[in-house]
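Please read the following points beside the model, which is a predicted one. They take up burial and cysteines, then the sheet and its helices, then the aromatic rings.

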Amino acid sequence: MAKPKAKRLKSFPNDAAAADGVAASAIASSYNDHIRPLLDAVDRLRHLNVSQEGIQLPTIVVVGDQSSGRSSVLESLAGISLPRGQGICTRAPLVMRLKDDPSGGDAPVLQLEYGAGRVVSTSEAEVADAIDAATAEIAGSGKGISDRPITLVVRKRGLPDLTLVDLPGITRVPVKGQPDDIYEQVAGIIKEYIAPKETIILNVLSATVDFPTCESIRMSQQVDRHGDRTLAVVTKSDKAPEGLLDKVTMDDVNIGLGYVCVRNRVGDETHDQARGEEERLFDHHPLLSRIDKSMVGIPVLAQRLMQIQATIIAKCLPDIVKQITDRLSRSTAELEQMPPDLNNVADAVRAFFHIVKRTCSSLEKMLVRGEFDEYPDDRHFHGTARIAEMLNAYAKKLPAECPQQSSDLFLMEEVRILEETTAIKLPDFLPRSAFLVLLKKKVQTVVQVPHDLAREVWVLEVLLQHSNDFPQVQPSWRRAVQSMMDKARAQSARHVTELIDMELVADYTYNPDYSKTWSELMEGYGKFMEAVKDRTKPTAVTLKGFGKVEVAHLRNHDDLAGQAFDMRARLASYWRSIVLRLVDGLALHVPRAVKRLAENDLEVALSDELLGNKMAGVERMLAPSPGTGSKRQRLKKSIVLLQQSKEAVADIMDRISAAGEV
């Protein structure tokens, strides 16, 4: 059904009866039938306090300097009396929900909601006292303020369907009984409410002051610089009519949604009398009558607010629904990912073996199969690649050539050992004891390298990851993992020791490269011996595999030079087999040890630690950590709230979709 066009307020008749009829039409126009379901949905969300989930609701927030006339404006819109007096009258946010009740009588039906679900019915005569009592309960009996809201629901025939939030008035100088930082407290509450882009700011300005000097203008401009979501209502128009037309038309303070000028109710005037006086004021006053009729009067203000409210709700509601759905999905998923709620020993034991299974599976994937989908962006957990890097670095640390003392002359180390192993033997026969002494000496220079790798490779942080769900057993889990790592390091150290010992016990290789390399090096033997024995030859000679060497010092040891050369050639050839065995031996040992750990050792170690000692670890699992328990309760509470919020808007969104209104 198409919405009927609202009447232009410039065509208001001048007689009082007609004015009353048009005012009622403006306040309770037919398009409220479409606005009200939207407003009810948003009010329901506000009542549920969905904003605590970070979801901002479209809101009309009333701000103004102290004594600017905010209460008077709200009284005129609601047709009831609100607390008045010296100092701050509004000491807590007052959420006013105005509802048109076509079937109701002339007397409004009033209800206060505050605190932990407290609901108090009241009357028009007692509403001011009821608000004061609720404020005292929330903010104390003094003149302090609170950010906890009070909701006033007003149902009456002819009321505009509006929800407004009235905030404490801005005051810079504390009066008796107010805290010294009253300005900072009020400013903090105001900024919190007006900062969201979904908020419409109703800035109440007194005609008796210069608008640029108003603190409320300064605050609203901080969050709405161009005034795109600020509407100004100018009170006390009858007190300062001079220049008011220029103020509201020149707009020196960037009020993007325009101005509405009103007259405050005076003394004991009824609300109907006040509206009649307001109509006559703007119709007949020599200065105020020049202001366009679309910018004056409470009926105009009510209509503007309803139009603005309808627009902002229609604009924001689809996004609010999306935010609710997204947050509900995230909270549900987060709750599902939390550790299970353990109720008995059987639950704890099942959870324990589930953790062990996940940990073992992760180890096998990362360190045996080379899969890292669980941690795609964390290189530290790309196990096989990191182990390969360690092994490559380890292989590079082992000298490719047989280590030599840089300070020694060529072959003098071999000569000294041959001299010390001299015995009754055939000439030119290389004694095996000399070779073994030198071999052991060379192997001892690299013993630390494989031991370093054995320590480095057994730092597996992934073993601690899956126990994060149960921080109460993490100390036991950590002890078990640490003990297992110590045992794994010890096993690897023993394996390294065995590798080294085997190299020291026997000098053997089936590697054909040994004979090939030795033969290639020995090709220079004749050239070398000729340089040593023929003193007429140059003392420097270039030999394959050794480079350019000096042999003058060997002419005094020509009887041992040949054996020394042969020993050097054999060590150089055999060293390559030693390095290959040390690298291959650990390269095969580490994956085997990891596989054994994943398939057996881990489960045994954890079971001994957590299931032993009368299942003390399981008992600790049954006692949830404070952090986990509070998080679970928070998520459950959030899910309930978001589900209720989703239900609150589901019906109206279905109706909107069916009607094609948004």
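1. A residue is called buried here when its relative accessible area is under 20%, and exposed when that area is over 50%. By this cut-off C261 is buried, because its relative accessible area is 0%, and C316 is buried as well, because its value is 11%. On the question of cross-links, a search of the whole structure of this predicted model finds zero disulfides.

2. The sheet deserves a careful look. Nine strands make up an open sheet with mixed pairing, and their order is β4-β3-β5-β2-β6-β1-β7-β8-β9. Its edges are formed by β4 (118–122) and β9 (259–261), each of which pairs on one side only. On average, and with direction ignored, neighbouring strands of this sheet are turned by 20° against each other.

3. Within the sheet, strand β2 (residues 94–100) and strand β5 (residues 150–156) run parallel and are joined by seven bridges. To follow this pairing at the level of residues, one may start from R97, whose bridge partner in β5 is V153.

4. Two helices should be viewed together with the strands. Helix α6 (residues 215–223) lies across β1 (59–64), β7 (199–206) and β8 (230–235), and runs at about 160° to β7. Helix α9 (residues 298–337) also packs on the sheet, where it touches β1, β6 (162–166), β7, β8 and β9, and its direction makes about 100° with that of β6.

5. How many aromatic pairs does a search of the whole structure find? The search finds eight. In one of them, F410 and F528, the ring centres are 6.2 Å apart and the planes stand at 85°, which is over 60 degrees, so the pair counts as edge-to-face. This pair links distant parts of the chain, since F410 sits in the loop between α11 (383–397) and α12 (412–420) while F528 belongs to helix α18 (residues 525–533), 118 residues apart. Both F410 and F528 are buried, and they belong to one aromatic cluster with Y525, F546 and F565.

6. Y514 and Y574 form an edge-to-face aromatic pair, with 6.2 Å from centre to centre and 85° between the planes. Here too distant parts of the chain are linked, with Y514 in helix α17 (residues 512–522) and Y574 in helix α19 (residues 558–622), 60 residues apart. Y514 is buried, with a relative accessible area of 18%, and Y574 is buried with 3%.

7. Finally, a charged side chain should be checked against a ring: K247 lies over the face of F211, at 4.8 Å from the ring centre.

Key. Residues are numbered from 1 along each chain as its sequence is written. This is a predicted model: local features need pLDDT of at least 70, side-chain atom pairs count only at pLDDT 80 or more; totals for chains, interfaces and linings use all residues. Side-chain values use heavy atoms; hydrogens and water are left out. Rings of Phe, Tyr and Trp (its six-membered ring) pair if their centres lie within 6.5 Å; planes under 30 degrees apart count as stacked, over 60 as edge-to-face and the rest as tilted. Helices (H or I, at least four residues) and strands (E, at least two) are DSSP runs, numbered from the N terminus. Buried means under 20% relative accessible area, exposed over 50%, partly exposed in between (1.4 Å probe, protein chains only). A charge sits over a ring if NZ of Lys or CZ of Arg is within 6 Å of the ring centre and within 35 degrees of the ring normal. A disulfide is a pair of cysteine sulfur atoms within 2.5 Å. Two strands pair if DSSP finds at least two bridges between them. Axes are lines fitted to C-alpha atoms, for helices over the stretch in contact, and angles run from 0 to 180 degrees between N-to-C directions. Contact means heavy atoms within 4.5 Å.
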